[in-house]
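The exercises that follow ask you to read burial, pairing and packing from the model shown below, which is a predicted one. Each task is followed by a solution that goes step by step.

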Amino acid sequence: MEMLTIGAFAKASRLSPKALRLYDELELLRPARVDPDTGYRYYAPEQLEQARLVAWLRRLGMPLAGIREVCALEPATAAREIRAFWARIESETATRRDLAAFLVDHLSRTAPRNRSDPSFPGNPSEDTTMLELRYSALSDTGLVRPANQDTAYAGTRVLAVADGFGSGGAPASSAAVEALKFLDSEPLPAGSVLNLLEDAVQGATQAVQEVAGPTNEIGTTLTAMVWTGSQLALVHIGDSRAYLLRDGGLFRITHDHTMVQSMLDEGRLTPEEATAHPQRALLLKALTGGGSAPAPAPDVRLHDALVGDRYLLCSDGLSAVVPEATIRDTLAAAPGPDEAARALVRAANDSGGPDNVSCVVADLVNAESQ
């Protein structure tokens, strides 16, 4: 077939000649022929599909190194890589979105305002609703395990669940939660709560490493929330979970750091296949011993809070055996956190209780109405 000049190929592929020359230099898209005398590039019509793929991946924001790898793969494998890339982008975007929302809220609160503004402190029309947490924590060994390696804690500001594993799982989970408890009595200025939480997680990591020693076979998950007075800051690593019940709907606000969840994200498993996968409990992230390698970064973000919100933190001893629809109905039906936590632990044991089960339930209430 007749070759296309670089100009004609650029027009057909919607890539500029400058971009085509760059992709040639980077070995992303080599011309079919280069004139030995003039150096002019010519392209074969069948290269149009690859050129369009490169253009689409660039628009997607994929780095050039990633594009080179994807273009060398078979279509089905390339599709999985693109899906995995986009899942990472969505996760990173969610974290940045939460941080941007926090900064907007924080700067709006601290910006000077005119006394004629109805929201100026002290004006009668100001919304002075004070919110606080009503909470309960409950941990149970279950019906199969010989000992309980979970730790559950609920305080004025701190809610936490940790699920230990290995021969020292119980002290590991306890050490991780203990490292966060100081936040219950610390002043929590809104502008630095994320920094405080990241520092606390570093302390939890060191505490677990001291317990576990040189082996990474001992460790724990950690899912915790810290109440600032206006927002809840979340830290999460592993496969314990946090849920929000709001207006009758149940929303999972954590993402499991497991092999099975990554396969779900990449489209290599269906939700139905995931529930029966033999490696569904294999963790990709956790707080462990073996301090030579850098500790994996936890998910840290802020959540807006509304009166009437009910939060659940739980180990996988609940979420792995009780369907989310049942969790939602149980949370919605219980009059208070104590009743909700007991009912959820009972539901896990009614489903066989194959693992330790821990629940922390907290309601966001109007302090003045209590």
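**Exercise 1: a helix and its surroundings**

Helix α6 (residues 169-178) has as its buried residues Gly169, Ala172, Ser173, Ala175, Ala176 and Val177. Determine which elements the buried residues of α6 pack against, and then describe the setting of threonine 151.

Solution. Begin with the helix: its buried residues pack against β5, β6 (158-165), α7 (193-212), β7 (219-220), β8 (222-227) and β12. Next, turn to β5, a strand spanning residues 150-154, in which threonine 151 lies. The relative accessible area of threonine 151 is 16%, and because the cut-off for burial is under 20%, this residue counts as buried. Then follow its side chain, which makes a polar contact with the side chain of serine 173 at 2.8 Å and also reaches the backbone nitrogen of serine 174 at 3.3 Å. Finally, list the contacts of threonine 151 beyond four places in sequence: these are Ala160, Val161, Ala162, Ala170, Ser173, Ser174 and Val177.

**Exercise 2: an open sheet**

Establish the strand order of the five-stranded open sheet, and work out which strands stand at its edges.

Solution. The order is β4-β15-β14-β10-β11, and the pairing is antiparallel. β4 (131-140) and β11 each have a single partner strand, so they stand at the edges, and one side of each is left without a neighbour in the sheet. On average, and with direction ignored, neighbouring strands of this sheet are turned by 20° against each other.

Now take the pairings one by one. β4 is joined to β15 (residues 357-366) by 10 bridges, the two strands running antiparallel, and serine 139 stands opposite serine 358 in β15. β10 (residues 241-246) is joined to β14 (residues 310-314) by five bridges, again antiparallel, while its antiparallel pairing with β11 (residues 249-252) extends over four bridges. Leucine 245 illustrates both pairings of β10, since its bridge partner in β14 is arginine 310 and its bridge partner in β11 is leucine 250. The hairpin of β10 and β11 has two residues between the strands, and in this hairpin aspartate 247 takes a positive phi near 55°.

Why is β10 described as largely enclosed by the rest of the structure? Five of its six residues are buried, which accounts for that description. To complete the picture, add helix α12 (residues 337-350), which lies across β4, β14 and β15 and runs at about 30° to β4.

**Exercise 3: two helices crossing**

Describe how helix α3 (residues 48-60) and helix α4 (residues 64-71) cross.

Solution. The general approach is to describe two packed helices by the angle between their axes and the distance between the axes. Here the axes come within 10 Å and cross at roughly 145°, and α3 passes α4 in a right-handed crossing. The contact is made by Gln50, Leu53, Val54, Leu57 and Arg58 of α3, together with Leu64, Ile67, Val70 and Cys71 of α4. Sorted by character, the residues of this contact divide into seven nonpolar, one polar and one charged.

**Exercise 4: a loop residue**

Is alanine 286 buried or exposed, and which residues does it touch?

Solution. First locate alanine 286, which is placed in the loop between α9 (271-275) and β12 (287-288). Its relative accessibility is 9%, so alanine 286 counts as buried. Not counting residues up to four places away in sequence, alanine 286 touches Phe165, Thr220, Ile237 and Pro296. Lastly, the C-alpha atoms of alanine 286 and asparagine 216 are separated by 9.4 Å, although these residues are 70 residues apart along the chain.

Notes. Residues are numbered from 1 along each chain as its sequence is written. This is a predicted model: local features need pLDDT of at least 70, side-chain atom pairs count only at pLDDT 80 or more; totals for chains, interfaces and linings use all residues. Side-chain values use heavy atoms; hydrogens and water are left out. Buried means under 20% relative accessible area, exposed over 50%, partly exposed in between (1.4 Å probe, protein chains only). A polar contact is a pair of N or O atoms within 3.5 Å; within protein, one must be able to donate a hydrogen and the other to accept it, and residues adjacent in sequence count only if both atoms are side-chain atoms. Contact means heavy atoms within 4.5 Å. Axes are lines fitted to C-alpha atoms, for helices over the stretch in contact, and angles run from 0 to 180 degrees between N-to-C directions. A crossing is left-handed if the near helix is turned anticlockwise from the far one by less than a right angle, and right-handed if clockwise. Ala, Val, Leu, Ile, Met, Phe, Trp, Tyr, Cys and Pro count as nonpolar, Asp, Glu, Lys and Arg as charged, and the others, Gly among them, as polar. Two strands pair if DSSP finds at least two bridges between them.
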